[in-house]
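Dear colleague,

Please find the structure below, handed over for your own work. My notes on it follow directly after.

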Amino acid sequence: MSFDGLFTHAMVTELRQTLVGGRISKINQPYQNELILTIRANRQNYPVLLSADPTYPRIQTTQIPYVNPAVPTNFAMMMRKYLQGAVVTAVTQMANDRVVHLTVATRNELGDAETLTLIIEIMARHSNVILVDDQTSKIIDVIKHVGADQNRYRLLLPGATYIQPPKQDKIDPFTPNTDYQTLVRDYPNEDVLAKQLQQHYQGLGRDSAQQLAADLHQPGDIAAHYQAFLAQFDHPEPTLITLPNRKTMFAAGKFEHFGPATRQFDTLSQLLDFYYADAAQRERVQQQAGNLIRVVKNNLKKNRNKLKKLEQTLANTKQADELRLKGEILTTYLHEVKRGMTEITLPDYYHDNAPFKIQLSNQLSPSRNAQKYFSRYQKQKNAVGYVGEQIDLTQAEIDYLDNIQTQIELASPADIAEIREELTQQGYLKQHHTKKKQRSSRRPSQPQAFVATDGTPISVGKNNRQNDQLTLKTAHKSDYWLHTQKIPGSHVIVHSDHPSETTLMEAANLAAYFSKARDSATVPVDYVQVRRIRKPNGAKPGFVIYEGQKTLYVSPDAQLVEQLTPKD
């Protein structure tokens, strides 16, 4: 189901039980549209994600790691000023809308008690996070500023009076009503009924309306079905459902209309972490790596165009032998060539004296015409070696950039900084010089660790720096190295000199999953001992050559990758 009003109701129920009475200890804004409050409650720290992302807006507790920027944003600093140390007194939902109020008690600079409300509006591209002073209803700050030129109904700017989103003329389904009985009677078709329920009741997404319509069409007491449907959002059962098209959807209860539950979770937040793990991370990477993606795409386009021109030039050089032939025939029959001629037909003694037409310049002497053909022949002959070398260099450049593009697509936000550093070192990005040299406190990231079903450790490099470190320095010579065959992807090391066939297949699955061929049905993966790996002098980061390899064929499996991920 979507993060509609009903799911918001269930999430508020969960957060109310977890967070009320807790104290805000940390505030971070790791990404442009996301705020994370660390709330200490019930002797535990709960990182609470408030996301105004236009694609994946939501509120939840999260265990997905994040990377803070070196310098806090102005919004984060303002939130720290007003919310650091505040106590959460209430978590409420506005009617059944996708608007959540996080009310906190704190003290101002004079030590006086005050109440503030952090409002999370979950409304697709209009989503926002707003801090409001309850006493004055003034906005203290907002994560996305919205001026009068963007919204005539209300201003979302510091100092403006907070106005609630426009109210819809719909009924809160949790208030006593019997309208659904009339709708069932008037609209016996299930699909039509779902649309009418969505238009009549507030906070029903399309999936929720379809499930409610299916429930109301079941035999028995309609009122009981209606109440049972709503009751599950007061006692949510976090569920992941696999649809017939193999896509998945999350639900706060039993949405049997769409299929049986394929996995249960302890909390809604754990469900969302699992569901959004890849999609939300990709969105964050897109935000952080926008300029990197642009640079890599532009350089790929430039080098691919260059390769086409070089290949065309190489094709043209294949005419060199014909130029030599014309020069030799002209030299042999030079006495038959007269100055001022534009062409001549002579016997080709290399091909049974067949007639051979040769173009001439009427401005040159016969001998100069012959020398011109020899000169063009020598020039094209010399070009063959140069063009061939340039083709190899350009193809290597394309392979490197293609690999970087794949790494960005598979990267977590923590990996982007290292990829940016690498592109800077390779000259694709400009080096920003600062007056004072700052020592970087960030440690180099480590390869991702996995454990095979038999307990064998497996490491996966997520960028070229990790790949080089892992393969050339960390791995033992007797360990096994895996990589997708002629496909950009990660280096995978099995830390064993005699891995089982099952372990090799699991490692091959990891290599296929962390590659450009993640969505392919069958992927070839080469494996060989590390002692057979070497890096040529002057090779690009992450590039190695090997020999004596064997090949496995696997289908990337996300569930297997999750199973091999060590649990904390």
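A residue is called buried here when its relative accessible area is under 20%. The model is a predicted one, and every value in this message was computed from it.

I begin with the aromatic residues. Tyr 201 has a relative accessible area of 1%, so it is buried. Tyr 226 likewise has a relative accessible area of 1%, which means that this residue is buried.

The program counts 20 aromatic pairs in the model. One of them is formed by Tyr 201 and Tyr 226, a tilted pair with 6.0 Å from centre to centre and 40° between the planes. Tyr 201 belongs to the loop between helix H4 (190-200) and helix H5 (206-216), whereas Tyr 226 is in helix H6 (residues 222-231), so the pair ties together parts that lie 25 residues apart in sequence.

Tyr 349 and Tyr 350 also make a tilted pair, because their planes stand at 40°, with ring centres 5.0 Å apart. Are these two residues buried or partly exposed? Tyr 349 counts as partly exposed, at 33% relative accessibility, and Tyr 350 counts as partly exposed at 45%.

A single aromatic cluster is formed by Phe 3, Phe 7, Tyr 56, Phe 250, Tyr 275 and Tyr 276. Tyr 276 has a charged neighbour as well: Arg 58 lies over the face of its ring, at 4.5 Å from the ring centre. Similarly, Arg 263 places its charged end over the ring of Phe 274, at 4.7 Å from the centre of that ring.

I now turn to the sheet. Six strands form an open sheet with antiparallel pairing, in the order S15-S16-S18-S17-S19-S22. Strand S15 (448-451) and strand S22 (550-554) are at the edges and have a single partner strand each, so one side of each lacks a neighbour in the sheet. From one strand to the next, the twist averages 25°.

Strand S17 deserves a separate paragraph. Which strands is S17 joined to by bridges? Five bridges connect S17 (residues 480-484) with strand S19 (residues 523-529), and the two run antiparallel. Three bridges connect S17 with S18, again in an antiparallel arrangement. Individual partners can be named: in S19, Tyr 480 has Gln 529 as its bridge partner and His 483 has Asp 526, while in S18, Ile 493 stands opposite Trp 481.

S17 is also mostly covered, with five of its five residues buried. Its two faces are both covered: Tyr 480, Leu 482 and Thr 484 are buried on one side, and Trp 481 and His 483 are buried on the other.

Two helices should be viewed together with these strands. Helix H12 (residues 464-474) lies across strand S16 (457-460), S17 and strand S18 (492-494), and runs at about 140° to S16. Helix H13 (residues 501-513) packs on the sheet and touches S15, S16, S17, S18, S19 and S22. The direction of H13 makes about 70° with that of S22.

With kind regards

Note on methods. Residues are numbered from 1 along each chain as its sequence is written. This is a predicted model: local features need pLDDT of at least 70, side-chain atom pairs count only at pLDDT 80 or more; totals for chains, interfaces and linings use all residues. Side-chain values use heavy atoms; hydrogens and water are left out. Two strands pair if DSSP finds at least two bridges between them. Helices (H or I, at least four residues) and strands (E, at least two) are DSSP runs, numbered from the N terminus. Axes are lines fitted to C-alpha atoms, for helices over the stretch in contact, and angles run from 0 to 180 degrees between N-to-C directions. Contact means heavy atoms within 4.5 Å. Buried means under 20% relative accessible area, exposed over 50%, partly exposed in between (1.4 Å probe, protein chains only). Rings of Phe, Tyr and Trp (its six-membered ring) pair if their centres lie within 6.5 Å; planes under 30 degrees apart count as stacked, over 60 as edge-to-face and the rest as tilted. A charge sits over a ring if NZ of Lys or CZ of Arg is within 6 Å of the ring centre and within 35 degrees of the ring normal.
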